[in-house]
Amino acid sequence: MTDEFFMQQALKEAQKAYSEGEIPVGAVVVLNNKIIARGHNQVERLNDPTAHAEVIALTSAFNFLGAKYLPEGTLYVTVEPCLMCAGALYWSKVSKVVWGADDEKNGHKRITGNNWPFHPKTEVVKGILKEECAAIMKNFFRDKR
């Protein structure tokens, strides 16, 4: 299994969000090369500003494992995590975060700059299926106008 394969799965979650009228961000949590949790934005559905794809996927993974940390886990998300999600990822102690498209407007880097918001042992990989991840966001907002 490759980063591209798992990002495709995150894109499927983003498509679910898109079809539900949510901002199309999707995430999957992988452990030992298997998807153990999925999530997509549900802010509108749940009337909850914290119901981001990453938080939904992390909560599902914690429940699945019966644990509060994911030191061997990888989270794939279609868009750069916001500051809130970066904090959730920090506390999860996830070993790797992989995202597709950068988010200059709402991504964590807008606030953190070059400061590392993740756990010190977390590896970050950016730009996996970047064009596809950016396209679904652009299409969503174009359709909303």
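These legends describe close-up views of one predicted model.

Residues are numbered from 1 along each chain as its sequence is written, and side-chain values use heavy atoms, with hydrogens and water left out. Because the model is predicted, local features need pLDDT of at least 70 and side-chain atom pairs count only at pLDDT 80 or more, while totals for chains, interfaces and linings use all residues.

**View 1. The largest nonpolar core has 39 residues.** A nonpolar core is a set of buried Ala, Val, Leu, Ile, Met, Phe, Trp, Tyr and Cys residues joined through side-chain atoms within 4.5 Å. Buried means under 20% relative accessible area, exposed over 50%, and partly exposed in between (1.4 Å probe, protein chains only). Met7, Val29, Ile36, Leu75, Tyr76 and Leu89 have the most contacts inside this core. The elements giving two or more residues to it are α1 (3-19), β1 (26-31), β2 (34-40), α3 (53-65), β3 (74-79), α4 (83-92), β4 (96-101) and α6 (130-144). Helices (H or I, at least four residues) and strands (E, at least two) are DSSP runs, numbered from the N terminus. Helix α1 gives the most, with 6 residues. In soluble globular proteins, nonpolar side chains tend to be buried together.

**View 2. Met7 and its contacts.** Contact means heavy atoms within 4.5 Å. Neighbours within four places in sequence are left aside. Met7 then touches Tyr76, Val77, Thr78, Val98, Trp99, Gly100, Ile128, Leu129 and Cys133.

**View 3. Helix α3 and its buried side.** Ala53, Glu54, Ala57, Leu58 and Ala61 are the buried residues of α3. They cover an arc of only 120° around the axis, so they sit on the same side of α3. The arc is that of the directions from the helix axis to the C-beta atoms. The cover over these residues includes β1, β2, β3 and α4. Phe64 also lies in α3, but this residue is exposed, with a relative accessible area of 57%. The 13 residues of α3 should span 18 Å at 1.5 Å a residue, and the end C-alpha atoms are indeed 18 Å apart. The expected span is 1.5 Å times one less than the number of residues in the helix. Just after α3, Gly66 takes a positive phi of about 65°.

**View 4. Helix α4 and its buried face.** Here Cys85, Ala86, Leu89 and Ser92 are buried. Seen down the axis, they fall within an arc of 120°, so they line one face of α4. They pack against α3, β3 and β4. Lys93, just after α4, has a positive phi of about 60°.

**View 5. Cysteines without disulfides.** The whole structure holds 0 disulfides. A disulfide is a pair of cysteine sulfur atoms within 2.5 Å. For Cys85, the nearest cysteine sulfur is that of Cys82, 3.7 Å away. For Cys133, the nearest is that of Cys85, at 15 Å. Cys85 is buried, at 0% relative accessible area. Cys133 is also buried, at 0%.

**View 6. Two asparagines with positive phi.** Most residues other than glycine have a negative phi. Asn33 has a positive phi of about 65°. This residue is found in the loop between β1 and β2, and is partly exposed, at 44% relative accessible area. Asn47 has a phi near 50°. Its place is the loop between α2 (43-46) and α3. Asn47 is exposed, at 72% relative accessibility.
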